Amino acid sequence: MSSPDPHVRAARNGRARAARRPVIAVTGAASGVGALLTQQLVNSEEVKQVVAIDERRGEAAEAHWHVLDVRDPAIAEKLRGADVVVHLALDLDLETDPAARTAYNVRGTQTVLTAAAAVGVHRVVLCSSAMVYGALPDNDVPLAEDAELRATAEATGVGDLLEIERLGRRAPRAHPGLNVTVLRPGVLVGGTDTALTRYFESPRLLVVAGSRPTWQFCHVEDLVTALEYAALEKVDGELAVGCDGWLEQEEVEELTGIRRMELPSAIALGAASRLHRLGLTPSPAGDLAYTMHPWVVSGSKLHEAGWRPRWTNEEVLAELLEEVAGRHTVAGRRLGRKDATTLGAAGATVALVGTAALVRRVRKARRR
């Protein structure tokens with residue numbers, strides 16, 4: 001029996017490849033990491049179609065857009081026909097009301113997981129953070145990816161991420177056949193605003209006496225390529241994403257040129273707690289732990305699958321410094337130019353140590 005004509009064989013192979021190319025849905029597709037991933041997938045020859053979901057249309061015209069809230073059960077019909085869903089519709093904004101933020105993040109994830117399973121999606125990719133491992137003085141450096149999650153809900157958004165991961169672990173048991181893959185990036189940099197990026201907006205780098213900070217960054221471009229790997233089913237499970245290795249605090253100070261301000265633990269944590277309780281800063285005292293103790297993670301699973309970060313810790317830190325240039329933050333509270341000029345480094349020290357100057361300033365303003 002003669003073999004098929006080469007042109008026929010090529011056409012069959014092309015159809016087979018097209019059949020294997022997935023339809024990938026992305027929530028939170030109009031901004032941030034979601035927008036970058038949507039464009040990346042649209043440009044990929046390995047993807048058949050991109051379904052983009054958000055509360056407004058984004059710029060990726062080639063994607064098939066649906067405008068709705070991810071908490072709306074109608075999302076199920078929008079996901080019908082998708083093979084994979086990458087859920088990036090999360091609110092981790094420092095300024096958002098914590099209760100509203102949690103309600104959005106948890107309900108949105110529940111709805112997406114349930115809807116995906118209901119319409120036959122076989123994989124959901126969630127984006128969490130390496131913060132879920134917790135920043136603790138006895139952490140291994142680096143932590144194994146399968147290390148116990150020992151974080152508490154005391155830092156911004158970490159409680160939400162822990163609950164999201166719990167939902168992700170339960171989903172395959174409730175919906176056999178559904179795979180849930182979780183990515184945990186390090187300190188995310190690239191158009192982001194977090195308590196950890198604001199640390200580098202301060203006139204001095206606060207160091208708590210006796211602590212041993214370590215820094216592992218993740219550029220958003222590397223997170224996007226890692227998410228693409230997961231969406232294309234080149235890797236699964238629970239995966240850490242970040243630059244290779246880490247930086248010690250002394251290296252960070254040398255690279256940034258920002259001098260440290262060292263305080264006893266009781267004073268630093270007490271001041272941070274008081275500032276947050278008075279509503280003067282968006283960051284709870286729990287955020288400080290991530291600048292005190294190590295929480296860097298091995299990215300071995302992605303490496304074994306062939307993925308590599310394009311950015312180094314030193315390069316990401318340099319980009320972060322460019323992004324925050326001209327911003328002024330004291331104890332997590334971003335100041336206007338007038339406030340920053342008035343307080344300066346000395347005022348920052350007073351605010352951190354006793355908080356009295358900043359408290360009096362705000363109370364006086366409120367009485368006017």
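Leaving out neighbours up to four places away in sequence, Thr-197 touches Leu-188, Val-189, Thr-192, Leu-320 and Val-324 in this predicted model. Thr-197 sits in helix H6, and it counts as buried because its relative accessibility is 2%, under the 20% cut-off. The chain as a whole has 13 helices and 15 strands, and 50% of its 368 residues count as buried. Among the contacts in the chain with a separation of 6 or more, 77% are between residues 24 or more positions apart.

**Helix H6 and its surroundings**

- Arg-198 also has its place in helix H6, and this charged residue is buried, with a relative accessible area of 4%.
- Although Arg-198 and Val-324 are 126 residues apart along the chain, their C-alpha atoms are separated by 7.8 Å; Val-324 is also one of the residues in contact with Thr-197.

**Nonpolar cores**

- The largest nonpolar core comprises 38 residues, and those with the most contacts inside it are Phe-200, Trp-215, Phe-217, Tyr-290 and Trp-295.
- Two or more residues of this core come from each of strand E7 (187-189), strand E8 (205-208), strand E13 (260-263), helix H9 (265-277) and helix H11 (313-324).
- A second core, separate from the largest, has 35 residues, including Ala-29, Val-220, Tyr-229 and Val-241.
- Phe-200, once its neighbours within four places in sequence are set aside, is in contact with Leu-205, Trp-215, Phe-217, Val-252, Thr-256, Ile-258, Leu-317, Leu-320 and Val-324; of these, Leu-320 and Val-324 are also in contact with Thr-197.
- As a general background to such cores, nonpolar side chains tend to be buried together in soluble globular proteins.

**Strands E8 and E13**

- E8 and E13 run parallel and are joined by four bridges, and the bridge partner of Val-208 in E13 is Leu-263.
- The side chains along E13 alternate, with Met-261 and Leu-263 pointing to one face and buried, whereas Arg-260 and Glu-262 point to the other face and are not buried.
- This kind of alternation between the two faces of the sheet is what a regular strand shows in general.

**The largest pocket**

- The largest pocket holds about 1,100 Å³ of space, and its lining consists of 42 residues, with Leu-90, Asp-91, Leu-92, Leu-188 and Thr-192 lying nearest its centre.
- Leu-188 and Thr-192, which are among the residues nearest that centre, are also in contact with Thr-197 of the buried pair described above.
- By class, the lining of the largest pocket divides into 22 nonpolar, 13 polar and seven charged residues.
- At least two lining residues are supplied by each of helix H2 (32-42), strand E2 (49-54), strand E7, helix H6 (195-198) and helix H7 (220-231), and H2 gives the largest share, four residues.

**Enclosed cavities**

- The structure holds three cavities of 30 Å³ or more, and the second largest cavity contains about 50 Å³ of space.
- Ala-130, Gly-186, Val-187, Thr-214, Trp-215, Gln-216, Trp-295 and Val-296 line the second largest cavity, and by class this lining has five nonpolar, three polar and no charged residues.
- Trp-215 and Trp-295, both in the lining of this cavity, are also among the residues with the most contacts inside the largest nonpolar core.

How values were computed
Residues are numbered from 1 along each chain as its sequence is written. This is a predicted model: local features need pLDDT of at least 70, side-chain atom pairs count only at pLDDT 80 or more; totals for chains, interfaces and linings use all residues. Side-chain values use heavy atoms; hydrogens and water are left out. A nonpolar core is a set of buried Ala, Val, Leu, Ile, Met, Phe, Trp, Tyr and Cys residues joined through side-chain atoms within 4.5 Å. Buried means under 20% relative accessible area, exposed over 50%, partly exposed in between (1.4 Å probe, protein chains only). Contact means heavy atoms within 4.5 Å. On a 1 Å grid over the protein atoms alone, a cavity is a set of points where a 1.4 Å probe fits but cannot get out, and a pocket is an open set with protein on both sides within 12 Å along at least five of seven lines; lining residues have an atom within 4 Å of a point. Grid points are joined across faces, edges and corners, and a volume is the space filled by probe spheres set on the points. Two strands pair if DSSP finds at least two bridges between them.
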